[in-house]
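Visitor: I should like to be guided through a structure that is new to me. May I ask for the reasons behind each term as we proceed?

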Amino acid sequence: STNFGFHNGSPDILFEGNLVENNNRGFRLLGGNFTFQNNTLINNPVFGLRLGSNNPLENVLIENNYINQHNVAVELDEDAGPVSNFVVRENDLSNNTLAIFSNKDFIANCNWFGTDDLDSIQLDLVQGTGELVLQPYLIDGIDSQPGQSGFQPDPNNCQNPQIVFNLTQNTSFTSIQAAIDLANPGDLIQVGTDTFIENIVIDKEGLTLINGSWPVIDGGGGVPVHIVANNVTLKGFKVTNAGVDSALIWIDNVTGVTIDSNYLTNPNTVSLFGIAIDGGGEHTIIQNEIDSVAYGVAMEGSTSNNIGQSGLGNEINTVPYPADPDVIPTGVLLFDESNENIIGSNQINSVDYGVHLADESGNNTVEANVVVGQNHGIIIRPFNIPMSTANSGDNNVISRNDVTATDSTFKYGIRIQGEAD
């Protein structure tokens, strides 16, 4: 090519792993709705990446690219359309005359500009009338994966890890709760890499919280995460230090929540619940690691949830509960008419029960789980014994599970009790 590496305004495109070198220009993209990642752009003198015409520039993510030796590394046209959810992060933008030129506002955090001097970055390397959020920024340009396409920085080299960004509104905060309080429904919030000692309450419908690089939500002995709004997403956090009789994440009578790729642990004092689901339903709980709790995932009166999916299961490790020896540690517990749920493809290691269906919880599917335990693998019976009139659940399907005993005290692989059909 002697001019453009690519010229396109179509939506929903992924540009990944491309090498564009020694052309007159690099990439020219006219519209939004794309991800541009892990690309290498070198010595395309006019620009590396130029964006915009009159089209909206919305839902754009530019990350982990190596863009060097250009007049401008990333340029937004002066006549570019409205900008929304536009993020430039974790790129190497060094060795360019200008790193960024923009008359639009957006977030450009954790990039390497070839210097750790913020004044030099703001005065010499970033120009235009747009207000850019440049902090936190990288303090060195070391690539943690040399030889791979693009640029993979060490997240520990990104200054000011305590910053929380509302990517939709282009605003920043120093606490997660402050960002939530000033968010609008449907906003996207990115949390920095620090430890946040907070009990956050997510009360905005459709809010999405994502990580900068494994931030920690430390509940300080309370409820670290309490979700009271529909269609919330929490992805990529370490959640810890809940109260003894509490939950690390409490989903409270709402619908459509996604809990994805989090690490939930309470190593100092065993908490009662990893994820507690009260009422509501249609939640997706996938790819989480849960340990140091008595109940991994427990739902009461909740329907149509997916606890694990094919290839996206959870790893759940339960332990004895010193605060009440009568509590039976359980990987996944359904009770009080929790119906039509799918528990699938999970790895459950429990000192007592793997999966427990109780108290008229019916029409559930338990499939393709690996259960390792010391008492019961999968059990259908009333939650509290004796309950002489309780029906522990009808029309449940149990299929393709692998149940393994860890020692000779193991009682049952699968047990059905209490008028279950």
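**Salt bridges and their surroundings**

Guide: By the rule applied here, the count comes to five salt bridges. Please bear in mind that this is a predicted model.

Visitor: What makes the contact of Glu 63 with Arg 89 a salt bridge?

Guide: The closest N and O atoms of Glu 63 and Arg 89 are 3.0 Å apart. A salt bridge requires a side-chain nitrogen of Lys or Arg within 4 Å of a carboxyl oxygen of Asp or Glu, so the pair qualifies.

Visitor: Why is this pair said to tie parts of the chain together?

Guide: Glu 63 belongs to strand S8 (residues 57-63) and Arg 89 to strand S11 (residues 83-89), so the pair ties together parts that are 26 residues apart in sequence. Both Glu 63 and Arg 89 are buried.

Visitor: How do you know that Asp 260 and Lys 235 form a salt bridge?

Guide: Their side chains meet at 3.8 Å, N to O. The limit is within 4 Å, and therefore the pair is counted. Asp 260 is in strand S27 (residues 258-260) and Lys 235 in strand S24 (residues 233-235), and the pair links distant parts of the chain, 25 residues apart.

Visitor: Why is Asp 260 called buried?

Guide: Buried means under 20% relative accessible area. Asp 260 has 8% relative accessibility, so Asp 260 counts as buried.

Visitor: Why does Lys 235 receive the term partly exposed?

Guide: The relative accessible area of Lys 235 is 37%. Partly exposed lies between the 20% limit for buried and the 50% limit for exposed, and therefore the term applies to Lys 235.

Visitor: What makes Glu 367 and Arg 400 a salt bridge, and where do they lie?

Guide: The closest N and O atoms of Glu 367 and Arg 400 are 3.4 Å apart. Since the limit is within 4 Å, the pair is a salt bridge. Glu 367 is found in strand S38 (residues 365-367), and Arg 400 in the loop between strand S41 (397-399) and strand S42 (402-405), so the pair ties together parts that are 33 residues apart in sequence.

Visitor: How do you know whether Arg 400 is buried or exposed?

Guide: Arg 400 has a relative accessible area of 62%. Exposed means over 50%, so Arg 400 is exposed. Its partner Glu 367, with a relative accessible area of 25%, is partly exposed.

Visitor: Which residues are linked in a network of salt bridges?

Guide: Arg 28, Arg 50 and Asp 77 are linked in such a network.

**Two buried polar residues**

Visitor: Why does Asn 96 count as buried?

Guide: Asn 96 has 9% relative accessibility, and buried means under 20%, so Asn 96 counts as buried. Asn 96 is placed in the loop between S11 and strand S12 (98-101).

Visitor: What does the side chain of Asn 96 reach?

Guide: The side chain of Asn 96 reaches the backbone nitrogen of Gln 69 at 3.1 Å and the backbone oxygen of Leu 93 at 2.9 Å. Leaving out residues up to four places away in sequence, Asn 96 touches residues including Ile 67, His 70 and Leu 125.

Visitor: What makes the approach of Thr 265 to Asp 291 a polar contact?

Guide: The two side chains come to 2.5 Å. A polar contact needs N or O atoms within 3.5 Å, with one able to donate a hydrogen and the other to accept it, so the pair is listed as a polar contact. Thr 265 lies in strand S28 (residues 263-265) and is buried, with a relative accessible area of 3%.

**A pocket and the whole chain**

Visitor: How many residues line the second largest pocket?

Guide: The lining holds 15 residues, of which Phe 273, Ala 276, Asp 278, Ala 298 and Glu 300 lie nearest the centre of the pocket. The lining divides into twelve nonpolar, one polar and two charged residues. The volume of this second largest pocket is about 210 Å³.

Visitor: What does the secondary structure of the protein chain come to?

Guide: The protein chain has two helices and 43 strands. Buried residues make up 53% of its 421 residues, and the C-alpha trace spans about 80 × 40 × 40 Å along its principal axes.

Definitions and conventions. Residues numbered from 1 in each chain as written. Predicted model: local features only at pLDDT ≥ 70, side-chain atom pairs only at ≥ 80, totals over all residues. Heavy atoms only, no water. 1 Å grid on protein atoms, 1.4 Å probe; cavity = no way out; pocket = protein on both sides within 12 Å on 5 of 7 lines; lining within 4 Å. Points joined across faces, edges and corners; volume = space filled by probe spheres on them. Nonpolar A, V, L, I, M, F, W, Y, C, P; charged D, E, K, R; others polar. Helix = DSSP H or I, 4+ residues; strand = E, 2+ residues; numbered from the N terminus. Buried < 20%, exposed > 50% of the residue type's maximum accessible area, 1.4 Å probe, protein only. Contact = heavy atoms within 4.5 Å.
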